[in-house]
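User: I am new to this structure and would like a close look at a single part, the surroundings of the ligand. Please go through it carefully and then connect it to the strands and buried residues elsewhere.

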Amino acid sequence: EVIETEKFRPQFHFTPEANWMNDPNGMVYYDGEYHLFYQYYPDSTVWGPMHWGHAVSNDLVHWDHLPIALYPDSLGYIFSGSAVIDWQNTTGFGSKDNPPMVAIYTYHNMDGERAGRNNYQYQALAYSLDKGRTWTKYKNNPVLPNPGIKDFRDPKVIWHEESEKWIMILAAGDIAKIYSSKDLKSWSFESDFGKGIGAHGGVWECPDLFPIQVKGTKDKKWIMLVSINPGGPNGGSATQYFVGDFDGKTFTPEKNESDWLDYGKDNYAGVTWSDIPKEDGRKLFIGWMSNWIYAQTVPTEKWRSAMTLPREIQLVKEDDQYKLTTFPVKEFEDSKVLKMQINKMLFSGKSDINNIDLDLSSCELNFVFKPQKGSLNGHTTAFGLLLKNDADEELKIGYNMLSKQVFIDRTKINTQFTDSNYLSEDVAQYSIGEEIKMKIIIDASSVEVFVDEGKLAMTNIVFPESPFSELSLFSSLGSVELESAMFFNVE
Ligand code: FRU
């Protein structure tokens, strides 16, 4: 059975049915459902008056579209924010038997902006008593007025158990501010974070603050995520993170430099799900799979933008250094069907793989590569894979031994989309040992690369004129052993 699909339409990544989407918002789990709200403009494929679109899933992979949750009103557009379950009914919006789902979001007031005032972004509440299906805006909005800071937005709220308070982190210019509250309605300033710390190539947006266990230990650390636009490692927007401690008032980082959650160009404004049950305990993340430098001009017609695959974030400690890993959620495994397997194959130059059974437009490709030393031609310089289509376009993904970089080269795919930021080879510094593991997930118009169980992630959108049909491996100069490969289709 052949199902007609729209050109570039992802098959297992979340997209709006039509029109413009940016940041994921208000991700919260409640009563068997993962909620995903998102920045949405239902009247056009470019950014405009923001709403919160809405979808739900019970496995993080298959999503049901629901009606728009929040519409702009006289206070402004509905910008990014978060949602929590108010289990103890601290707001009084519901009851302990039917705890309210509360959205905490930014109003962006256009009149204020046009009038040249700098207090046009402020924080507000809305709540739902029916599993997010219908929403009531709080009558005394805003709950956190603007203190006179032009960029003052994207509140992320968590329940801080130790102090039995709600904690809000939000972006203020190019730093983050932390507030606390007993009832989500009245907020007290606690601290500023970020002056002289981390990357400051642009404005800070969509911060997140959450505790996490160090993998394999009982130790707990706190993570702060901060999206930044521009100033990302390969240009434009990207998300940095800090590992540290939080005492209910102040976040203290381990070091003053931040790290990048994803080195690709297309993973922005992502934050974690709220209210994941304790028994589960995972930190689940989703990001907007685009970049502000070209998001509004990418060559899709009916809709614009997709989300990344939902990912689990873990914290590992190696050589006394903390590092976040990101990896597709385990639920994704159920959508995969094994199509091909290769064991121990030496290759050099260009080596074609017979992929007759594999649909390369919707697949997961797993490789373990072992670059060989001391061969006649000396060491290999770069190796990896090439994907081609019948329009003679080529996507190249691999590792360069000389520069010690993982790379995604999309300069030969959809060269009609001439944005120089799109036609790029994006790179990430990474040291390898004997071998390197690469998991590459392709879905119509995106590629997500996870290296060594998620120690490095690179996410890029690509717009092939026709689906990929050929797969080959390449190695320049020396040879590489393909230890093993497993290819799946995603169904
Ligand atoms: C990030 C962002 C947020 C803002 C929203 C507006 O992409 O700029 O800071 O709330 O998008 O749509």
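Analyst: Two strands are said to pair if DSSP finds at least two bridges between them, and strands (E, at least two residues) are DSSP runs numbered from the N terminus. This is a predicted model, in which local features need pLDDT of at least 70 and side-chain atom pairs count only at pLDDT 80 or more, while totals for chains, interfaces and linings use all residues. Residues are numbered from 1 along each chain as its sequence is written, and side-chain values use heavy atoms, with hydrogens and water left out.

The shell around the ligand, taken as residues with a heavy atom within 4 Å of it, consists of Asn-22, Asp-23, Gln-39, Trp-47, Met-50, Phe-79, Ser-80, Arg-153, Asp-154, Glu-205, Tyr-268 and Trp-292. Sorted by class, this shell holds five nonpolar, three polar and four charged residues; here Ala, Val, Leu, Ile, Met, Phe, Trp, Tyr, Cys and Pro count as nonpolar, Asp, Glu, Lys and Arg as charged, and the others, Gly among them, as polar.

Several of these residues make polar contacts with the ligand (a pair of N or O atoms within 3.5 Å). In Asp-23, a polar side-chain atom lies 2.7 Å from a ligand oxygen atom, and for Asp-154 the corresponding distance from a polar side-chain atom to a ligand oxygen is 2.6 Å. Gln-39 likewise has a side-chain N or O atom 2.6 Å from an oxygen atom of the ligand. Taken alone, the ligand exposes 320 Å², and the protein buries 95% of that area, as computed by the Shrake-Rupley method with a 1.4 Å probe. The elements that give two or more residues to the shell are β1 (19–30), β5 (77–85) and β9 (152–160).

Two of these strands lead into sheets. β1 belongs to an open, mixed sheet of five strands in the order β4-β3-β2-β1-β20, whose edge strands, each paired on one side only, are β4 (64–70) and β20 (303–304). Within this sheet, strand β3 (residues 51–57) runs antiparallel to β4 and is joined to it by four bridges, and His-54 faces Leu-66 across that pairing. β5 belongs to a second open sheet, antiparallel and of four strands, in the order β5-β6-β7-β8; β5 and β8 (136–137) are its edges, each with a single partner strand, so one side of each has no neighbour in the sheet. Inside it, eight bridges connect the antiparallel strands β6 (residues 101–108) and β7 (residues 121–128), with Tyr-105 opposite Ala-124.

Tyr-268, listed above in the ligand shell, opens a further part of the picture, strand β18 (residues 268–272), where five of the five residues are buried (under 20% relative accessible area, 1.4 Å probe, protein chains only), so this strand is largely enclosed by the rest of the structure. β18 is joined by three bridges to strand β19 (residues 283–288), to which it runs antiparallel, and Val-271 stands opposite Ile-286 there. The side chain of Thr-272 makes a polar contact of 2.6 Å with the side chain of Asp-208, a residue of strand β13 (residues 203–213) that counts as buried because its relative accessibility is 0%.

Notes:
Polar contact = N/O pair within 3.5 Å; in protein donor to acceptor, adjacent residues only side chain to side chain. Buried < 20%, exposed > 50% of the residue type's maximum accessible area, 1.4 Å probe, protein only.
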